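Q: I'm new to reading protein structures. Could you walk me through one, feature by feature?

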Amino acid sequence: MRLPSLTRSKPEAPGVHAEPFWSLRPQSDREAGDAVVSNFMLHWFPAKISKASMAWNYSFWLGTISAALFFLTILSGLPLLFLYVPSVERAYQSVKDIEFVITFGSWIRSVHRISAHLMVIVVALHLMRVFLTGAYKNGVGRGQQREVNWVIGVVMFLTTLFLSFTGYLLPWDQLAFWAVTVGTNIAASIPAIGASVRELLIGGRNIEQATLIRFYVLHVVFLPGLLGVLFAYHMWRVRKDGGLARADAESVVESPRSTAPVPSKTYTLLGVARGTAPTVTAHTLDAPDATVNAVPDLVRRAAIATLGTIAVISIMSVFIASPLEEPANALVTPNPAKAPWYFLWLQEIVTDTTIRIGSFTLNGAFVGGVILPGLLVGLLTFWPWIDKSSHLAAGVWLPRDRRTQNLVFLLLILGVLALTFVGMVLRGPYWILYWPWEAWPEIPGRI
Amino acid sequence: MEQRTSSPYPRVDRLVMAVVGVVLVIGTGLFMWSDRAHDWRYYQLEFRQMVAGKFGDDKAAVLPSGVQQIWAADLARADRCVTCHQATAYKGFETAEHPYRTHPIEPLQQHPVEDYGCTSCHGGQGWAIDTAAAHGEVAHWEEPLLSRSLGDTYTLAGNKNALMQMNCNTCHRYDRETPGAGAINLAKRLVNEKGCRACHVINGFGGTIGPDLTTVGEKAPEQYDLSRLSGQRTAFAWHVAHFKDPRALSEGTVMPNFNFSTEQAQALSMLMLSWRRADVPALYVSGAPRTDPRSPDELKAEAAMRTGPGGWFVQTGCFVCHSISALGVRSPAQIGPDLSNAVEDVQSRFGVTLDAFLANPTGTMSVVLSRQIILTPEQKQVAITKLREAFAEYQRQRATPAAPARNQ
């Protein structure tokens, strides 16, 4: 075989690529397949991919964008690791230095912050997309375990939230201090063990140095490590399950008779996986009009999604400065004190479920902060086993078969969004509702 | 060779990819530019030209460039003000416009800039290097530059620069009079005259009818009830209005109306905001005792020694180590031998006469007399005379057993 290359020496064996920099325009499907195997960065790609899975308007490439954002937070976090000092005496000052005098410091911090916020949004959108398309459902392949990948995905979403939450505290300003105060007080409302849970979270009874170092280590070591491992497994499972659920849907549509698939092609990863590898009907995937080569079509689209994300974040970070409020002060509560925005719907429920009858107060933090989100996360986790719709509904946007559950899901999302909006925009000092056109009372200055 | 499957994507995707590439390049250019775009580059260029025009290119060439800072380690202040205010320590620009003006020399003699930085007196945000942020005229920074223009906005009676005196009082809190801090001095006089301590605890003692004012300056702006305040909505404005008419600002208060003038009310408000939980090292606190506390008996004994026959040894500092018990001088440390019998003791210890020893001391005394207590030949002569007197007294006391001499 022959790889067209710019170098003089031509690789003798397939799978061995002699060039340090990869530049390839495959002339045949065989060459395109070999290119995937021979490149470390691409080894997790399939050789061929169905056009339907590639479509922008099926997945919106939200998973890839999430991964790009995760990559960006790590990349921008590395220089911050060298600059930030996780001590209550110096954290705030070190962030000020990053903002004011470190070369590209404020841009790097903005990249980190904006990527992190967008990651919460995009991961949530990715999860919604997977739900609405029933992509956690197994299709026609043998040995598929998409529901496992869904559970991994839910855990990754929660890890993303916790990563963002732990990062929130690090600047040690008023915003950080009080957002974490609100967040950890919700945990304290669990009956019997609440106080201990809070103490475990913040390493004591007050938010202090012990809390900062705890959140710092979680933020820079454990949670990114966990997310990285889960991410690798998540991607591996996608391949093991025969790609996106859309590919299954496509093969079903193309050959409605293939209820018993023909085991003619097995995707394995470098021979590591045996036996349970899903087998996808060969005639659709090999059909020239239904598939394209991963190299270069998938690679190019992945690059567009990744680099496009980087470009957008880079420009946003020039124009959107990261906030840094007054230094943390346990004696002065900002009014209103708000949780991070992605927990505001919970804070709103906490307020709305706090019932006062005379001197008796039913604390809403347990209902709104523990029971309800616990129930929702539980339902979300086990939904693949509750959803009894046909396998034909996998990988299809809003199928008739899953209409009711999609509707309920969308209504819940809408509710969460509405509560988040109320908490973010409408809640003013003393948690009083203000319309957007109503001015809040002016915040006084010192001198 | 088998053919490659034709793909419908490259035509559009390549174009999109190209656009993404262009946007990436633009983004990179943008953040590179935004990192460079700072006012201080302009101010440094301008000052360089001013120095070149006035003192020549050689002087301009050695001006520091880039971000500059004064690091006052004791106060943990990194003040980057000098990035733009390059002339502060540069003689010859006393009448120039800010930021090119030379700092007056008098306050800096008492408060060396390398120990105090800029912001501990002037306020502002020393970390910042852009005008608005550095002058503290931004959200979430509660220590604005205490400038003349800020004084103007409060139509400060008298000295428009007086707001800065609030920061003087961080260290000069326990002074009765601080030179140059007229408003604070006036306020401190008023606190005594009007008897504020009748109702308020100040610095740890006073009445309990009103709130403790010891750290009233720490009170956050959010914690003031500004609902009855008209005009500027700041803690300072609240205090001024409250001093002029307490009942108008805080309903039902028993604080009397003292009919303060505007100047008095403003001075008192400055004093209030200056009473903060300041985290300054003891060395920076004016009026803090520099010696160990002494009991009245000890003070009386020392006064007696100073005025007694051995007073010369106390003034010269010999008594730090040596008692001269025959003359009633008792050293607090008693490191060295009693000098009452120095005339014979020197002979026995060093084998020379007292005169010779003082002229050419050896051992510890050679160090002491060359570094710490440097005596002129005339003073040495006085010492010898006095020590002879002491010896005479010593011998007289020895002869009288009623008064035993302390000998070490």
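Q: Let's start with two helices that touch: which residues in helix 10 of chain B meet which residues in helix 13 of chain B?
A: Keep in mind that this is a predicted model. From helix 10 of chain B come A183(B), I184(B), L186(B), A187(B), K188(B) and L190(B), and they meet Q264(B), A267(B), L268(B), M270(B), L271(B) and S274(B) in helix 13 of chain B. Sorted by type, the residues of this contact are nine nonpolar, two polar and one charged.

Q: How do I describe the way two helices pack?
A: For a packed pair, you give the angle between the axes and the distance between them. Here the axes of helix 10 (residues 182-193) of chain B and helix 13 (residues 262-274) of chain B come within 8 Å and cross at roughly 90°. An angle from 65 to 115 degrees counts as roughly perpendicular, and therefore helix 10 of chain B and helix 13 of chain B are roughly perpendicular to each other.

Q: What angle do helix 4 of chain A and helix 6 of chain A pack at?
A: About 155°, with the axes of helix 4 (residues 62-83) of chain A and helix 6 (residues 105-132) of chain A 8 Å apart. That makes helix 4 of chain A roughly antiparallel to helix 6 of chain A, because angles over 145 degrees get that label. The crossing of helix 4 of chain A with helix 6 of chain A is left-handed. Their contact is made of 15 nonpolar, eight polar and two charged residues.

Q: Next, burial. Is A339(A) buried or exposed?
A: The idea is to count neighbours: 20 or more other C-beta atoms within 10 Å means buried, 12 or fewer means exposed. A339(A) has 25 of them within 10 Å, so A339(A) is buried. You'll find A339(A) in the loop between helix 13 (294-319) and helix 14 (344-353) of chain A. Leaving out residues up to four places away in sequence, A339(A) touches A179(A), V182(A), G183(A), L344(A) and Q347(A).

Q: And is G415(A) buried or exposed?
A: G415(A) has 12 C-beta neighbours inside 10 Å, so G415(A) counts as exposed. G415(A) sits in helix 16 (residues 403-426) of chain A.

Q: How far apart in space are G415(A) and W345(A)?
A: Distance along the sequence and distance in space are two separate things to look up. G415(A) and W345(A) are 8.7 Å apart, C-alpha to C-alpha, with their positions 70 residues apart in sequence. Likewise, A339(A) and F165(A) are 174 residues apart in sequence and 9.4 Å apart in space, C-alpha to C-alpha. For chain A overall, take the contacts between residues at least 6 apart in sequence: 72% of these join residues at least 24 apart.

Q: Can I look at burial for a whole helix too? How many residues of helix 11 of chain B are buried?
A: Sure, you just go through the helix residue by residue. In helix 11 of chain B, ten of its ten residues are buried. Among them are F236(B), W238(B) and F243(B). The buried residues of helix 11 of chain B pack against helix 12 (246-249) and helix 13 of chain B.

Q: Which elements give two or more residues to the side of chain B that touches chain A?
A: Start with the size of the contact: 39 residues of chain B are in contact with 41 residues of chain A. The elements you're after are helix 1 (10-36) and helix 11 (235-244) of chain B. Helix 1 of chain B gives the most, with twelve residues. By type, the side of chain B that touches chain A has 23 nonpolar, nine polar and seven charged residues.

Q: Last one: what should I look for in the backbone?
A: Most residues other than glycine have a negative phi, and most peptide bonds are trans, so exceptions are worth a look. A cis peptide bond joins V295(A) and P296(A), with omega about 5°, and P296(A) lies in helix 13 of chain A. Another cis peptide bond joins N335(A) and P336(A), with omega about 0°.

Q: What about phi of Y430(A)?
A: Phi of Y430(A) is near 60°, a positive value in a residue other than glycine. Y430(A) is in the segment after helix 16 of chain A, and counts as exposed, with 8 C-beta neighbours inside 10 Å. Phi of W431(A) is also near 60°, while W431(A) is partly exposed, with 14 other C-beta atoms within 10 Å.

Notes: Residues are numbered from 1 along each chain as its sequence is written. Chains are lettered from A and ligands numbered from 1 in the order in which they are written. This is a predicted model: local features need pLDDT of at least 70, side-chain atom pairs count only at pLDDT 80 or more; totals for chains, interfaces and linings use all residues. Helices (H or I, at least four residues) and strands (E, at least two) are DSSP runs, numbered from the N terminus. Two residues are in contact if their C-beta atoms, placed from the backbone, lie within 7 Å. Ala, Val, Leu, Ile, Met, Phe, Trp, Tyr, Cys and Pro count as nonpolar, Asp, Glu, Lys and Arg as charged, and the others, Gly among them, as polar. Axes are lines fitted to C-alpha atoms, for helices over the stretch in contact, and angles run from 0 to 180 degrees between N-to-C directions. Angles under 35 degrees count as roughly parallel, over 145 as roughly antiparallel, 65 to 115 as roughly perpendicular and the rest as oblique. A crossing is left-handed if the near helix is turned anticlockwise from the far one by less than a right angle, and right-handed if clockwise.
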